[in-house]
Structures are given as C-alpha cells and as structure tokens.
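User: I would like a close look at a single part of this structure. Please keep the answer connected and formal.

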Amino acid sequence: MLSIVVNRRKIKVVEYQENWGSKFTAEAELLISITGFLKPSIQAIGDTPVPELAAKPIVDIQVEAEDVNILGDHSDKFEDMGYHSGAR
C-alpha cells in the first residue's frame, strides 16, 4: 500500500484487486435497476478497470444519459445509496 497526499487529502493506493471488476458489475446492475428507463451508459472509469494497475480502492463509475436533467432529477436516489456526484 502507498499513501499520497494531494491538496492536503491523503490518497491510499493498493495493489490491483481481482474483485474490482465484479464490484463494478454489481454496482452497474444496481444503477440500471434505478435508471434503466433512461437507457444509461454506465462505465468504470479511473484506474481500477486497468488490469494489474495499482489504484485507490474505490471503483469510480460514470453514468451518462441523453438527458442529464432527468438523471439529475434522481440525484436523491443516488445519494440515498451512498453515491456522490463528481460534479461537486
């Protein structure tokens, strides 16, 4: 494990974890159950989808929809599930 300080925030970097792919798949299925009517594109982004690459132990997920306003209308559901918008 490696810890880095960026803008006074400590970031933990760990060795690649085989289960990151299955964690993404489970989260994507959950997100589709909520947003499926929007026909979203759900992608794993950042370092965790890269095999054998050390990364922070958080699977970053991007949800895209044709109409982001409708997606934004459901932000409370995402927050209730523990998700945070990258657009803070």
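Which residues are exposed on the other side of helix 1, and which of its residues are buried?

Analyst: The model is predicted. On the other side of helix 1, the exposed residues are E29 and S33. The buried residues of this helix are W20, F24, A28, L31, I34 and T35. These buried residues lie on the same side of helix 1, because the arc they cover around the axis is only 115°. Their cover includes strand 3 (41–45) and strand 4 (60–64), together with helix 2 (68–73) and helix 3 (75–80).

As to its length, helix 1 comprises 16 residues (residues 20–35), for which 1.5 Å a residue gives an expected span of 22 Å; the end C-alpha atoms are 22 Å apart, so the two values agree.

Two of the buried residues merit closer description. T35, which lies in helix 1, has a relative accessible area of 1% and is therefore buried, the cut-off being under 20%. Leaving aside residues up to four places away in sequence, T35 touches P40, L71 and F78. F78 also counts as buried, at 12% relative accessibility.

W20 is buried as well, with a relative accessible area of 4%. The model has two aromatic pairs. In one of them, Y16 and W20 meet edge-to-face, with 5.5 Å centre to centre and 85° between the planes. The other joins F78 and Y83: the ring centres are 6.5 Å apart and the planes stand at 80°, so this pair is edge-to-face. Y16, for its part, counts as partly exposed, at 21% relative accessibility.

Definitions and conventions: Residues are numbered from 1 along each chain as its sequence is written. This is a predicted model: local features need pLDDT of at least 70, side-chain atom pairs count only at pLDDT 80 or more; totals for chains, interfaces and linings use all residues. Side-chain values use heavy atoms; hydrogens and water are left out. Helices (H or I, at least four residues) and strands (E, at least two) are DSSP runs, numbered from the N terminus. The expected span of a helix is 1.5 Å times one less than its number of residues. Buried means under 20% relative accessible area, exposed over 50%, partly exposed in between (1.4 Å probe, protein chains only). The arc is that of the directions from the helix axis to the C-beta atoms. Contact means heavy atoms within 4.5 Å. Rings of Phe, Tyr and Trp (its six-membered ring) pair if their centres lie within 6.5 Å; planes under 30 degrees apart count as stacked, over 60 as edge-to-face and the rest as tilted.
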